[in-house]
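Please look through the sequence and the structure shown below before reading on. The paragraphs that follow begin with the chain as a whole and then turn to its sheets, its cores and a few single residues.

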Amino acid sequence: NHSPNPLVRAVTDGQAFAAAAPTKWPESAVVAMKLPRSNALLELRLRWLSRHVSADTVLVAGVMAKRLSRGAVKLLERFGGPTTVSLARRKARLVTSGFCSGAAPAPALVHTEVDGLQLRAWPAVFGATGLDAGAAALLPHIRPRPGAGIVDLGCGSGVLGLFAAKTAKASSVVFVDDSDLAVRSARASWEANAAVLDGREATFVHAGDLSSVAANSASLVVC
C-alpha cells in the first residue's frame, strides 16, 4: 500500500470501504485493477470509486477471457457509461470504461441475525446475506469446552467463531481470513455482540493460514 511515487495509490478493499469520507483524486486519473470474479465485489468497488474520481477518470481492468461475464460489463456500463473490451491476448482481455458524474451511495454493511447473534458483513463476503447451509449444519456440533482457545479460519462474517465463543465463554478467539473485507466484517460482528460476549476481546488476522496464530493456543478450529 506504499508506493515510492506519490501519484500512485494502492488501496485494499477493506481500507477503501472503511473510509469515513470520500476524498477527491486528481483529475485525469487512471484506475487499474484486476476484475474480481464476484460481481457483488465489483459493484462495491465501483460505488466506492465513484465517490473519489472525476468524470474524466479512466478505468482499466484486466480479466481472463473465460471469466468476463455480461453481468460485469453491465455493471461497468451502469457506473461508467460506454465500455470497451479488447480482443483476447494470451487468454486475457482488457476492459476500459470511465465514470459517470455524481457519486453513488456509499457501500454499507449487511445486517443479519443468527441464533441471537448480530452479524455484520460487506455484501461481497461469503454468507453475507444469511447463514449458509454448511454453517447451519455445523452449528449444532460446535461444543467447545469452557475456556477453550478458538480459531475461526476462513471466518467470513465470523458466525462460527462467535457461536463458539458465546457457547464456551472462550479464553481467546482468533478470526482469520485471506479477505480483508471478511476480517473487517468479523470485527464488526464481534463489536455488535459486545454485550453477549461480556466485553471480551478477540484477535483479527488477515491471512490465508494459521502461521500467524500462536502455537498451542487453540483447542478448537472451526472453518
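**From the whole chain to single residues**

Among contacts in the chain between residues at least 6 apart in sequence, 65% join residues at least 24 apart, where contact means heavy atoms within 4.5 Å. This is a predicted model, in which local features need pLDDT of at least 70 and side-chain atom pairs count only at pLDDT 80 or more, while totals for chains, interfaces and linings use all residues. Residues are numbered from 1 along each chain as its sequence is written, and side-chain values use heavy atoms, with hydrogens and water left out.

The chain has six helices and 10 strands; both kinds of element are DSSP runs numbered from the N terminus, with helices (H or I) of at least four residues and strands (E) of at least two. Of its 223 residues, 42% count as buried, a word that here stands for under 20% relative accessible area, whereas exposed stands for over 50% and partly exposed for values in between, with a 1.4 Å probe and protein chains only. The accessible surface of the chain comes to about 12,000 Å², and carbon and sulfur atoms account for 55% of that surface; such areas come from the Shrake-Rupley method with a 1.4 Å probe, and for residues only the protein chains shown count as cover.

Consider next an open sheet of four strands, which follow the order β1-β2-β4-β3 with mixed pairing. Its edge strands are β1 (30–34) and β3 (84–85), each of which pairs on one side only; two strands are said to pair if DSSP finds at least two bridges between them. Strands β1 and β2 run parallel and are joined by five bridges, and Lys-34 has Gly-62 in β2 as its bridge partner. Between these two strands the chain crosses through helix α2 (residues 39–50), in a β-α-β crossover that is right-handed, a term which says that, with the strands pointing away from the viewer, the path from the first strand over the helix to the second runs clockwise. Strand β2 (residues 58–64) has a covered face made of Leu-59, Ala-61 and Val-63, and an uncovered face made of Val-58, Val-60, Gly-62 and Met-64. On to β4, β2 is joined by six bridges in an antiparallel arrangement, with Val-63 standing opposite Arg-93 in β4. Strand β4 (residues 92–97) also pairs with β3, again in the antiparallel sense, over two bridges, and Thr-84 finds its bridge partner in Thr-96 of β4.

Further along the chain, strand β7 (residues 149–153) runs parallel to β8 and is joined to it by five bridges, with Asp-152 opposite Phe-175 in β8. The chain crosses from β7 through α5 to β8, and this β-α-β crossover is right-handed. Four bridges then join β8 to β9, and these two strands run parallel, with Phe-175 opposite Phe-204 in β9; the crossover from β8 through α6 to β9 is likewise a right-handed β-α-β crossover. Strand β8 is mostly covered, since five of its six residues are buried.

Where do nonpolar residues gather? In soluble globular proteins, nonpolar side chains tend to be buried together. A nonpolar core is a set of buried Ala, Val, Leu, Ile, Met, Phe, Trp, Tyr and Cys residues joined through side-chain atoms within 4.5 Å. The largest nonpolar core has 25 residues, of which Ile-142, Leu-160, Leu-162, Val-173, Phe-175, Trp-190 and Phe-204 touch the most other members. The elements that give two or more residues to this core are β6 (117–121), α5 (159–168), β8 (172–177) and α6, and α5 gives the most, with six residues. A second, separate core of 18 residues includes Val-53, Ala-72, Phe-79 and Ala-104.Three single residues complete the tour. Thr-112 has its place in strand β5 (residues 110–114) and counts as buried because its relative accessibility is 16%. Thr-129, in the loop between β6 and α4 (133–138), counts as exposed because its relative accessibility is 72%. Ala-194 is found in the loop between α6 (180–192) and β9 (203–206), and it counts as partly exposed because its relative accessibility is 37%.
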